[in-house]
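User: I am new to this structure and would like a close look at a single part of it. Please start there, and then walk me through the rest in plain words.

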Amino acid sequence: MRELQNRVQRAVIMADGKRVTASDLELTEPVSALPPQTLKEARERAERELVQDALRRHQGKITPAALELGISRPTLYELMEKLGITRN
């Protein structure tokens, strides 16, 4: 549910026109085209997307991104290191 909410919010912000399209929602590839994933890979992918989205929304500021994600600043730094995410 959270992924859907984030995807819709991102699409509304990034949409070029008055309508949100499938490409704005990043739904251009059929679900069956996605490679099979292990639970660990799926979890890391979801975590990476959430962290990157939060950092993007807060212009790379760690404290507000961590608050949005419901984690502490040190935990966010550890998660970023684990997932190979750098601050822009």
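Analyst: **A loop and its surroundings**

Let's begin with Gln 59, which sits in the loop between helix 2 and helix 3. Helices here are DSSP runs of H or I with at least four residues, strands are runs of E with at least two, and both are numbered from the N terminus. Before going further, please keep in mind that this is a predicted model, where local features need a pLDDT of at least 70, side-chain atom pairs count only at pLDDT 80 or more, and totals for chains, interfaces and linings use all residues. Residues are numbered from 1 along each chain as its sequence is written, and side-chain values use heavy atoms, with hydrogens and water left out.

What is the sign of phi in Gln 59? Phi is near 50° there, a positive value in a residue other than glycine. As background, most residues other than glycine have a negative phi. Gln 59 counts as exposed because its relative accessible area is 63%. The cut-offs are under 20% relative accessible area for buried and over 50% for exposed, with partly exposed in between (1.4 Å probe, protein chains only).

Gly 60 is also found in the loop between helix 2 and helix 3. Is Gly 60 buried or exposed? Its relative accessibility is 11%, so Gly 60 counts as buried. Leaving aside residues up to four places away in sequence, Gly 60 touches Leu 55 and Arg 87; a contact means heavy atoms within 4.5 Å. Between the C-alpha atoms of Gly 60 and Val 12 there are 20 Å, and along the chain the two are 48 residues apart.

Now let's follow the chain into helix 3, which covers residues 62-69 and packs with helix 4, residues 73-83. Two packed helices are described by the angle between their axes and the distance between the axes. For helix 3 and helix 4 the angle is about 95° and the axes are 9 Å apart. The axes are lines fitted to C-alpha atoms, for helices over the stretch in contact, and angles run from 0 to 180 degrees between N-to-C directions. Helix 3 and helix 4 are therefore roughly perpendicular to each other, a label for angles of 65 to 115 degrees, while under 35 counts as roughly parallel, over 145 as roughly antiparallel and the rest as oblique.

Which residues of helix 3 and helix 4 meet? Helix 3 brings Ile 62, Thr 63, Ala 65, Ala 66 and Leu 69, and helix 4 brings Arg 73, Leu 76, Tyr 77 and Met 80. By type, this contact of helix 3 with helix 4 holds seven nonpolar residues, one polar and one charged. Ala, Val, Leu, Ile, Met, Phe, Trp, Tyr, Cys and Pro count as nonpolar, Asp, Glu, Lys and Arg as charged, and the others, Gly among them, as polar.

Back at the start of the chain, helix 1 covers residues 2-14 and includes Asn 6. Asn 6 counts as buried because its relative accessibility is 9%. Not counting residues up to four places away in sequence, Asn 6 touches Leu 50, Asp 53 and Arg 57. Arg 2 lies in helix 1 too, but with a relative accessible area of 58% Arg 2 is exposed. The C-alpha atoms of Arg 2 and Leu 50 are separated by 9.1 Å, although their places lie 48 residues apart along the chain, counted as sequence separation. Leu 4, another residue of helix 1, is exposed as well, at 52%.

After helix 1 comes a loop that leads to helix 2 (39-57), and Arg 19 is found in it. Arg 19 counts as exposed, at 72% relative accessibility.

Finally, the whole protein. Four helices and zero strands make up its secondary structure, giving the pattern α-α-α-α along the sequence. Of the 88 residues, 23% are buried. The C-alpha atoms fill a box of roughly 35 × 35 × 25 Å along the principal axes. The mean pLDDT, the predictor's confidence in each residue from 0 to 100, is 84, and 91% of the residues reach 70 or more. Confidence is highest in helix 3, at a mean of 96, and lowest in helix 1, at 78.
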